[in-house]
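Colleague: I would love a close look at one part of this protein. Could you walk me through a pair of charged side chains and what surrounds them?

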Amino acid sequence: MQKKDLSKLVLTTLLTGSVLWGGTAFAAEENLQEFSLDTMVVTATRTEMSVKEAPSAVQVVDSKKLEQTQAKTLHDALKGALGVNVFNDFQGRSNVSIRGSESRHVLIMVDGKRLGGEAAYNSANAWDVDRIRMEDVERVEIIRGPAGALYGSDAMGGVINVVTKTPNKTTAVINYEHGWYENGKGAGYKSNLYLQGAEKNYTYKINAGLNNSRPYDTLNPSDKAPAGSYGDYNFYGEERPLSVNVGYTFDNGNKLGFDFSRFKEETQKKGSPNRTFMAASGAPIKPMTPYQDKIQTIWNDIKRTDYAVTYQGSDDKQDWMFRAYKSVFDKNYKNQNLTRMTTGGHHLQWKLQAPKIDTIKRTLSVIEGKDTFNLGDKNKLTAGFEYRKDESEGTRLKKASTSLSGPTAHDAFDKAAINYMAAYVQDEFRPDDKWLLIPSVRFDHSDQFSNKLTSNLAATYNAADDVRVKAVVGQGYKTPTVNDLYIFWEMYAQNPGGPGQFYVGNPDLKPEKSLSYELSVEKDWGDRSTVHLGVFRSEVKDLISTYWTGKLTDDDQDLYPGVNGDQVMAYKNIPEATLQGVELYGSHRLGKNIYLNAGYTFLDAKDKTNGTRLKDRAKHQVTFGVSYQPENIYAWDLSFDLVSNLGYYFNNGDKSTMGNFVYETKDFTIANIMASRHLNKDTKIYLGIDNISNHQNFGPYSDGNLGRLYRVGMEYKF
């Protein structure tokens with residue numbers, strides 16, 4: 001039986017079974033989450049505050065939404081979020097942008113902790129969007145706009161904080177999902193076991209998964225296909241996430257928690273055969289011209305290990321926390337070619353060439369603490385500190401004073417570190433019942449860059465019981481990474497599609513800085529509806545960007561021995577860029593069980609130096625979602641959401657080559673649907689389709705949508 005027929009059979013069986021079960025109706029034993037405008041968040045101010053009250057633009061993806069959409073990764077959770085664009089590049093990395101910011105300007109945390117991950121300019125945070133699992137997550141908090149006054153570097157575009165569950169009872173959940181694309185290629189399965197328990201003073205959580213992804217083979221034998229656009233599109237293989245938490249509550253209410261997590265990923269991808277003729281430059285290709293066939297295989301093995309210990313407590317006067325944690329990221333990347341020469345019409349034996357090895361180890365060590373003091377009815381003061389050491393070592397780094405360890409430029413290896421120390425203070429001041437004023441300031445010191453003072457002033461004015469006016473003026477900044485300063489790496493080798501690219505760091509880079517403004521008004525209609533209208537503008541200076549130096553590696557073989565035909569790429573600061581726009585969104589509860597939300601974002605993102613648009617951003621984004629949440633758990637629970645990107649500015653992979661990028665605009669819509677229901681009290685099945693419209697765009701320089709994805713899964717609680 002073919003895979004396509006088997007998939008249809010699975011769907012038919014599950015649908016038929018659910019219809020037969022549908023004849024029996026029982027009242028739900030668990031209360032569904034009520035629609036509420038007073039959802040509490042902690043990320044916006046580092047203190048607990050309702051979304052309605054918080055001046056910053058905040059969105060919460062709660063546990064009910066995560067369960068209803070069967071979100072398995074952070075990527076899934078961010079689908080449909082207002083002003084958030086999650087796009088895949090040609091390697092399958094899920095870059096996330098908030099209000100047009102670059103992915104590296106979005107600080108992603110888990111329970112307020114940073115993650116050690118990729119340090120590369122173009123992939124910071126990108127892989128983590130798919131690596132962060134949702135089975136242990138209570139909610140995802142999204143802050144649109146800079147938060148440098150509280151979180152320092154990396155929060156220039158916004159913050160995404162994944163808040164995990166706090167055990168309050170003993171339970172366990174097993175989940176299994178199988179997925180496949182329209183043509184039967186790619187996807188694979190995801191499986192997970194989640195255990196939690198609470199007894200007397202102790203709590204614990206264990207979350208373990210085993211995921212297996214399959215290759216999405218876009219093999220195209222056409223000679224007209226752009227180089228690198230076919231073969232295995234994605235990295236595929238196994239992922240094994242594991243996390244453990246143990247907590248103890250003392251008799252006085254203070255809490256001590258220990259966290260351990262590990263994520264292992266063993267993946268690979270294989271390119272299609274690449275044929276190179278050995279004719280002299282300009283000579284015609286004759287039938288007996290010698291040629292070489294090459295098949296490239298890349299292995300990408302990842303391990304990230306996180307440790308944390310947290311001690312915290314609270315009473316009527318204060319709420320404090322002290323934490324130490326470490327995140328260690330190890331990457332082993334191997335690129336190996338299998339080649340065969342054909343001369344005189346005779347094939348020689350295949351030969352396995354020496355592999356190109358890439359190792360990266362990044363260690364993030366943090367000690368931090370904060371205390372919130374209740375100074376009366378009108379003041380709540382929060383003060384905190386942070387020490388952070390960011391260390392990297394590997395084959396992609398080389399300082400000017402460090403010698404190569406071998407005869408070619410591929411034999412680089414170096415290490416470097418950046419140390420940070422910071423202190424911040426914030427005051428929540430309520431002069432009367434109508435006003436909330438929140439000034440905050442943070443001082444950052446680094447051993448690589450000059451000291452930085454970042455401030456923020458936010459306000460909420462309750463014009464009426466159901467009308468709020470909010471304003472924020474804030475600063476953000478981002479320091480260059482070790483990778484930006486000292487990279488020495490051939491990112492792309494020369495190929496028939498054009499020259500390669502060899503990247504070198506710039507130790508003279510300056511930190512990026514931003515000044516942002518936003519003004520909004522919100523209106524409620526009872527407890528069923530709310531509408532938000534806002535404008536925002538962010539002025540970014542010294543934006544770090546890549547550029548071609550105008551040199552080739554051939555021009556200086558003393559600096560780049562053994563590497564030929566590559567453009568020498570480097571980093572520079574762009575004087576100024578602007579990101580500005582308008583946000584309009586609203587939510588409404590229609591009747592008792594139907595929830596609606598819709599949003600629109602206009603974005604004008606430009607490099608002010610040359611007046612060009614910033615790529616991978618839509619000028620207009622429309623979001624819409626509807627969900628049906630029946631009280632009867634044996635009825636179908638339905639969720640539908642879509643994101644339309646209009647005027648999306650991108651690099652057209654069909655027309656671009658390595659040395660000549662072609663930029664165009666396009667319109668596309670990504671819509672998803674999910675349906676679930678209980679077979680019995682403890683067992684739930686779900687059926688879903690992602691990217692219903694089957695939008696596809698993959699290649700060497702595209703945003704990487706693979707097309708329609710079918711999902712079938714089952715969940716069992718005990």
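Are arginine 396 and aspartate 358 buried or exposed?

Modeller: Happy to help! Please keep in mind that this is a predicted model. Arginine 396 is buried, and aspartate 358 is buried too. In this model, buried means under 20% relative accessible area.

Let us see how the two meet. Their side chains form a salt bridge, with 2.6 Å from N to O. Aspartate 358 sits in strand S20, while arginine 396 lies in the loop between strand S21 (379–394) and strand S22 (414–429), so this pair ties together parts that are 38 residues apart in sequence. As background, side chains of opposite charge can pair when their charged atoms come close.

Strand S20 has another pair to show you. Arginine 362 makes a salt bridge with aspartate 390, and their closest N and O atoms are 2.7 Å apart. Here arginine 362 belongs to strand S20 and aspartate 390 to strand S21, so parts 28 residues apart in sequence are tied together. Arginine 362 and aspartate 390 are both buried.

Strand S20, which covers residues 356–374, also holds lysine 361. Lysine 361 counts as partly exposed because its relative accessible area is 35%. Together with Arg262, Lys303 and Lys326, Lys361 forms a positive surface patch. A patch of negative charge is on the surface as well, where Glu48, Asp315, Asp316 and Asp319 gather. Glutamate 48, from that negative patch, is in the loop between strand S1 (40–41) and strand S2 (49–50). Its relative accessibility is 55%, so glutamate 48 counts as exposed.

That loop between S1 and S2 is also the place of arginine 46. Arginine 46 has a relative accessible area of 16% and is therefore buried. Its backbone is worth a look too: arginine 46 has a positive phi of about 65 degrees, although it is not a glycine. For context, most residues other than glycine have a negative phi. Lysine 200 also has a positive phi, of about 55 degrees. You can find lysine 200 in the loop between strand S11 (188–199) and strand S12 (202–213). With 83% relative accessibility, lysine 200 counts as exposed.

Now back to the salt bridges. The structure holds 44 of them. Some are linked in a network that joins Arg114, Asp154, Glu386, Arg388, Arg442, Asp444 and Lys478. Another salt bridge is formed by the side chains of aspartate 690 and arginine 711, at 3.7 Å from N to O. This pair links distant parts of the chain, 21 residues apart: aspartate 690 in strand S36 (residues 683–690) and arginine 711 in strand S39 (residues 709–717). Aspartate 690 is buried, with a relative accessible area of 9%, and arginine 711 is buried at 4%.

Finally, let us step back to the whole protein. It has six helices and 39 strands. Of its 718 residues, 52% count as buried. Among contacts between residues at least 6 apart in sequence, 65% join residues at least 24 apart. The protein exposes about 32,300 Å², and carbon and sulfur atoms supply 55% of that area.

Key:
Residues are numbered from 1 along each chain as its sequence is written. This is a predicted model: local features need pLDDT of at least 70, side-chain atom pairs count only at pLDDT 80 or more; totals for chains, interfaces and linings use all residues. Side-chain values use heavy atoms; hydrogens and water are left out. Helices (H or I, at least four residues) and strands (E, at least two) are DSSP runs, numbered from the N terminus. Buried means under 20% relative accessible area, exposed over 50%, partly exposed in between (1.4 Å probe, protein chains only). Contact means heavy atoms within 4.5 Å. Accessible areas come from the Shrake-Rupley method with a 1.4 Å probe; for residues, only the protein chains shown count as cover. Patches are made of residues with over 30% relative accessible area and no salt bridge: like charges are joined within 9 Å, nonpolar side chains (Val, Leu, Ile, Met, Phe, Trp, Tyr) within 5 Å. A salt bridge is a side-chain nitrogen of Lys or Arg within 4 Å of a carboxyl oxygen of Asp or Glu. Lys and Arg count as positive and Asp and Glu as negative; His and the chain ends are not counted. The place of a charge is taken as NZ of Lys, CZ of Arg, CG of Asp or CD of Glu.
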